[in-house]
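Subject: Structure handover

Hi,

Here is the structure I promised to pass on to you. My notes on it follow below, so have a look at it first and then read on.

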Amino acid sequence: MVTLITGIGELVTNDPDADQLLGIMTDAAIVADDTTIHWVGRRADAPDADRRLDLAGRAVVPGFVDSHTHLVFGGDRAAEFAARMAGERYDGGGIASTVGATRAATDPELRRNLIAHLFELRMQGTTTVEVKSGYGLTVADEQRALAIAADLTSETTFLGAHVVPAGTARDDYVRLVTGDMLAACAPHARWIDVFCEPASPNAFDGDEARTILEAGRRAGLGLRVHGNQLSAGPGVQLAVELGAASVDHCTHLTDADVAALAGGDTVATLLPGAEFSTRSTYPDARRLIDAGVTVALATDCNPGTSYTSSMPFVLALAVREMGLTPAEALWAATAGAAASLQRTDIGRIVAGARADLAVLNAPSYLHLAYRPGVPIAHTVELAERA
Ligand code: NIG
Ligand code: FE
């Protein structure tokens, strides 16, 4: 079933060949089936289709690409959040409590929880979601987390190297992550990630992170890094040196980190939901963009540091708190995040791309940041209903 979409008040294409960042078109129409965009152009030139969808002047943007989430988990950490708002600092120690709740959950419980969160994301305009493991930290618990995630998204990330679990020696755990755990998890994962953060007692230093990432690469996985979240550390430069697709957080950056990112191909993924929920200083997105770095935005949705599933909220934070223009923030939440997943079939509305569209209850994409907290973004469902 092919649909002709008309009545689009403003179309954000992110067409890389356009002469402005967002490739905005007015008087536009789209022809798509439920998986692929066939045609994008002026309404007057549109070919016919099996059916029509008139959007009555609403704006259409590429579906959001949430390239960083931790959604296979049990329990929540509302009390930890309340304690933080009362002045406590975040140091990663709370991860252990989610590990306990995740290990205690059954497979169907973890799957149901993941589906509920994916639905929540979709209801807010997100069409691609990366999902990490990292709350199991045993071979069996990491493997089942990834098997459950892989059933629901192709963007799965092995994060056995989230923290060293209680009662395990660091060296033994690095050997496990790079040995039996990697072997069990790699078939279910596209990426490997490591929490490289010498400032957090149970996360990994630069040498450990290098060992883990190199093992992941040998197992055929692409590389991602949690870097420079709590302090300026080795994560960013290691990610660039190893050619990682993305280094995420980038909250504390030295001049050398910014120069390394500007000289490499690694995308800087910023996660301002984490700074919001840990009451921390926001990353300097303006400085990165001005240096020529490719920037992505994602939610980091997890029960500890950032329990939001809303890409529009993240986008609004990036505009209000991090110095991005509304156009730069939308690009980062769509095309930039697609780049961080090394994908060109998402994050843009052009012929041949996936039919992943978000419609706004608003005439312009500007309303995404202008109307924070208002649920104006929805996915466009093109599949035929029975
Ligand atoms: O991206 N920093 C490491 N991992 C997560 C938080 C995990 C947690 O606190 O549960 C993050 O912020
Ligand atoms: Fe994270």
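A polar contact here is a pair of N or O atoms within 3.5 Å. By that cut-off, His70 makes one with ligand 1, because a polar atom of the His70 side chain lies 3.3 Å from an oxygen atom of the ligand. Please keep in mind that this is a predicted model.

**Ligand 1**

Two further side chains belong with His70 in this picture. Gln229 has a side-chain N or O atom 2.6 Å from a nitrogen atom of ligand 1. For Thr305, a side-chain N or O atom is 2.7 Å from an oxygen atom of ligand 1. On its own, ligand 1 has 330 Å² of accessible area, and the protein covers 100% of it. In all, 15 residues surround ligand 1, and the closest are Arg77, Tyr90, Tyr135, Gln229 and Thr305. As for where it is placed, ligand 1 sits in the largest cavity.

**The iron ion**

Which residues supply the protein donors of the iron ion (ligand 2)? They are His68, His70 and His226, each through NE2, and Asp300 through OD, at 2.0 to 2.3 Å from the ion. His70 therefore appears twice in these notes: as a donor of the iron ion, and in the contact with ligand 1 described above.

Along the chain, the iron donors follow the spacing H-x1-H-x155-H-x73-D. His226 lies in strand S11 (residues 222-227), while Asp300 is in the loop between strand S14 (295-297) and helix H12 (311-322), so this pair ties together parts that are 74 residues apart in sequence. Buried means under 20% relative accessible area. His226 is buried, with a value of 3%, and Asp300 counts as buried too, at 2%.

**Elsewhere in the chain**

Thr156 is found in strand S9 (residues 156-161). Thr156 is buried, with a relative accessible area of 3%, and its side chain reaches the backbone oxygen of His188 at 2.8 Å.

Ala116, by contrast, is partly exposed, at 41% relative accessible area. Its place is in helix H3 (residues 107-122). Ala116 and Gly336 are 220 residues apart in sequence, and their C-alpha atoms are 26 Å apart in space.

Best wishes

Note on methods. Residues numbered from 1 in each chain as written. Chains lettered and ligands numbered in written order. Predicted model: local features only at pLDDT ≥ 70, side-chain atom pairs only at ≥ 80, totals over all residues. Heavy atoms only, no water. Donors = N, O, S within 2.8 Å, 3.2 Å for Na, K, Ca; no water. Helix = DSSP H or I, 4+ residues; strand = E, 2+ residues; numbered from the N terminus. Buried < 20%, exposed > 50% of the residue type's maximum accessible area, 1.4 Å probe, protein only. Near = heavy atom within 4 Å. Polar contact = N/O pair within 3.5 Å; in protein donor to acceptor, adjacent residues only side chain to side chain. Areas by Shrake-Rupley, 256 points an atom, 1.4 Å probe, with all protein chains shown as cover. 1 Å grid on protein atoms, 1.4 Å probe; cavity = no way out; pocket = protein on both sides within 12 Å on 5 of 7 lines; lining within 4 Å. Sits in = over half its atoms within 2 Å of the grid points.
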